[in-house]
Amino acid sequence: MSGYLAYLAKRLGQFVLVVFIGVNIAYVVTHATPIDPVEQSISAVTSFGNTAPEAIEQMRQSLKELYGVGGSWREQYFTFWSRILRADFGPSMSAFPTPVSALIGRALPWTVGLLVVSTLVTWALGNLLGGLAGYYQRSRSFKLMGVVAMGLHPIPYYIVALMLLIVFGFLWPVLPITGGSAMNLPQGWTLAFIGSVLKHSILPALSLILIGVGSWFLGMRSLVSNIVTEDYVQFAELGGVNRRRILGSYVMRNALGPQVTGLAMSLGGIFNGAIITEKVFGYPGVGTLLVDAVYAGDYGLVLGVTTISILGVSAGVLAIDLLYPLFDPRVQVA
Amino acid sequence: MLAILRDLLKYNLEFRIGIILVGIVVGLAILSGFSPYPPGDVYVVPPDVPPSSAYWFGTTSRGQDVFWQVCVAIRNTLLFGITVAAISRVLSLVIGLLSGYKGGWIDRALMGVNDTFIVIPLFPILVLFYFVMRDSMTWLMLAMIMATLGWAYDARLIRAVAMSLKTREFSQTAVFSGMTTREILTREHLPYVMPIVFSTTMNNMNWSIGLEVTLSVLGFTDINTPTIGGMIYWANQHTAIVAGVWWWIAFPIAVVIMAFVGLFLLAVSMNEYIDPRSRLSRMGGGAR
C-alpha cells in the first residue's frame, strides 16, 4: 500500500507542476508583450458598437487586475494567481455582463461529453483492431486496415474535419453539419433533445475518431507483434491454450500498460484536436468559445478558456494515472 | 549512408512511397522559384477559372494562379516545419542527453518539466500568444514559440537511449581517460542518437505544420505570408466551396496531405530501420 501512496504523491506532484508551469506561461505571455493589452482590448470591444461608460469602466478595472497592471510585479503576480484560483475572470466583454466562468460552465459539458466519448471509443477501437492485426499478421483485411491507418494518422484534425464537412455538407447532405442540437428544441432531458444532440455529435466525433484510431492501431499492432514472439506465448500455443484466451489475457493484457500511459500523454493533443473540430462544426463547446473570443477581442474569456483547458487536461491525465495500477499491478510494488 | 539509402529503397515499401510523395512536394516547393507572379499580388490572372491547360490548378477569386500559389505556400510551410524541427532538435538533444547521462536530481527536474510540456494543451497557449501579440506575430516568431514548446516528447526518447549508453563500456573508458561531460555527450553519445533525431524530425515537422495550418486557417498567424493554411483561410473567406470554386481548397489540401503522409512514412521506415528485429523480418530472415 505504501508503494501506491508514493506513486499517488508523485502523480499529484506532477499535476501541481503542470498547472503551475501552465499558468506561469499564461502569466508571462500576457505580461511580456510591449502592447498595452488593456487599452487594446477595450478599443477592440468598443469598436463593435456603443457600450455603456460604466460597463467600460468595470471592464477596465477587471482587465487591469487580470493583466495585473499597477502595483509591484509581486503584487501583480499574486493578484493574477488569486483570480485564477477563484476561477474569477471577470465579466466577459463580448457577452457583457455575463461572467466568463458562467460562459465556460455552459460550454464545458459539451466539450467534455464529446471528448470523453470519442476518446474512449477511439482508444478501445484502435487497440482492439491493432491487437487483432498484430496477432493475425497474415490476414489480408488487417493489412489493408494498417495501410488506411498509416494514411489517415498523420493528417491533422482540421483537414479531416473540413473534408467530412465538404462530403456530408455539400456532396451528400444527410447529417447536420453545425451546432450542438436542433435550434427549435428546448434543452432538457427529453428524448427528442437527446436524439438531436447525438445526431449533431456524429460528425465531430467521427472526425476525432478517424484521426485518433490510427495511432492506437499502429502502436498496439507493433506492441503485440513483439509480444507474440515471447517465449511464454509460444509455450501457451504449444500447450494448446485456446487462441482467443492467449490473445485476450496473455498478449493484449500485457500490451495495454504502455497504451494507457500513451493515452495520458496524448490527452493534450486530443484536446487541441477537439478545439478545432468544434470550431469547424460550430459545436457549442469550449473550442468555439475560445476562437470566437479571440475574434471578439475578449481577453478574460481567452485567458479563462486557456486556464481551464490546462486544468482540465492535467486533471484528466491525473485520473488516468491513478487508474493505471488497475492495468498494471506492478506499479504498487515499485 | 548511401548503402543505407539503397537498402531502404530495396526492402522498404513505406520508404519508397514516402520518398516519392516528399519528392513531389519538395519539387513543387522548388518550382516556386520560377513563379511568374510575385506571390503577394492579387488580380494578376482572371478570377475563378476552373483547372484548364492554361491554369493547371485553376485560379482563385482573388485572381491568383492556384498552381503557383500552392508552390509558394508549400515552400513556406515546409520551411516553417524545418525551422521548428531544427530548433527543437537542439533543445531535445541537449536536454535528453544531459538528463539521461547525469541522472539524479538533474534528471528528475528536467523530466518533471519535460512531462509538463508533453501534457499541456498547446493550442490554447498558442492562441493566447497570438491574442496578445496580434500583428507583431511574425512567421519566425511563431516558429520560435512552437520550437520551445515542442521538444519534450523527443527529449524523452533521447534520454532513454542516453541512459543505456551511459552504462556501456566505452562511456566508462571515456570518463577514465578524462573527457569532460560535454565532450562525452557530443563526441561519444551524439552519433548513437542521430538516427532517432532524423526520424523524430519528420514527426516533429508533421506536428508543427499541422498546428500552423490550423492556426492559419483560423487567421491566427501572419496571413499575408502565403502558407497552405493561409490559402485555405482566404478560400474560406471567399466561401470557395459554396461558390463552387472547389479547386482553390482541394489542391492545397491534396498537396499538404501528400507532405504529411510522405513525412510520416519516412519516419516510420526509418524507425523500422533503427530496430534490427523488424529490419531482419523485412529482409526475409528472423522468426516471423
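This is a conversation about a predicted model with chains A and B, and about how its descriptive terms are applied.

Colleague: How do you know which residues and chains are meant, and what makes a feature of the predicted model count?

Modeller: Residues are numbered from 1 along each chain as its sequence is written, while chains are lettered from A and ligands numbered from 1 in the order in which they are written. Because this is a predicted model, local features need pLDDT of at least 70 and side-chain atom pairs count only at pLDDT 80 or more, whereas totals for chains, interfaces and linings use all residues.

Colleague: Why is A:Pro329 called exposed?

Modeller: A residue is buried if 20 or more other C-beta atoms, placed from the backbone, lie within 10 Å of its own, exposed if 12 or fewer, and partly exposed in between. A:Pro329 has 10 C-beta neighbours inside 10 Å and therefore counts as exposed. The residue sits in the segment after α12 of chain A, and its C-alpha atom is separated by 9.8 Å from that of A:Tyr4, although the two are 325 residues apart along the chain.

Colleague: What share of each chain counts as buried?

Modeller: By that criterion, 39% of the 334 residues of chain A are buried, and for chain B the figure is 47% of 288 residues.

Colleague: What makes a stretch of either chain a helix or a strand?

Modeller: Both are DSSP runs numbered from the N terminus, a helix being H or I over at least four residues and a strand being E over at least two. Counted in this way, chain A has twelve helices and zero strands, and chain B likewise has twelve helices and zero strands. The C-alpha atoms of chain B fill a box of roughly 70 × 50 × 30 Å along the principal axes.

Colleague: How do you know which residues of chain A are in contact with chain B?

Modeller: Two residues are in contact if their C-beta atoms, placed from the backbone, lie within 7 Å. On that basis 43 residues of chain A are in contact with 36 residues of chain B. The elements of chain A that give two or more residues to this side are α1 (2–31), α6 (140–152), α7 (157–171), α10 (243–280), α11 (286–296) and α12 (299–327).

Colleague: What makes a residue on that side nonpolar, polar or charged?

Modeller: Ala, Val, Leu, Ile, Met, Phe, Trp, Tyr, Cys and Pro count as nonpolar, Asp, Glu, Lys and Arg as charged, and the others, Gly among them, as polar. The side of chain A that touches chain B accordingly divides into 30 nonpolar, twelve polar and one charged residues.

Colleague: Where do the domain bounds of chain A come from, and what joins the domains?

Modeller: The bounds come from an automatic or database domain assignment, which gives domain 1 (2–77) and domain 2 (109–327). Their contact takes 16 residues from domain 1 of chain A and 13 residues from domain 2 of chain A. On the domain 1 side, α1, α2 (37–46) and α3 (53–67) of chain A each supply at least two residues, with the largest share, nine residues, coming from α1(A). By class, this side of domain 1 has eleven nonpolar, four polar and one charged residues.

Colleague: Why is the crossing of α3(B) and α6(B) given a hand, and at what angle do these helices pack?

Modeller: A crossing is left-handed if the near helix is turned anticlockwise from the far one by less than a right angle, and right-handed if clockwise; the crossing of α3(B) and α6(B) is right-handed. Axes are lines fitted to C-alpha atoms, for helices over the stretch in contact, and angles run from 0 to 180 degrees between N-to-C directions. Helix α3 (residues 66–102) and helix α6 (residues 139–149) of chain B pack at about 40°, with axes 8 Å apart. Among the contacting residues are B:Phe80 and B:Ile87 of α3(B) and B:Trp139 and B:Met146 of α6(B), and the contact has nine nonpolar, two polar and no charged residues.

Colleague: How do you know which spans are annotated as "transmembrane region"?

Modeller: The label comes from an unreviewed UniProt entry, which for chain A includes residues 12–30 and 301–324; positions follow the numbering used here, feature names are shortened, and annotations may be inferred rather than shown by experiment. In the model, residues 12–30 of chain A are 100% helix, with end C-alpha atoms 27 Å apart. Residues 301–324 of chain A are also 100% helix, and their end C-alpha atoms are 34 Å apart. For chain B, the unreviewed UniProt entry includes residues 113–133 under that label, a span that is 90% helix in the model with end C-alpha atoms 25 Å apart.
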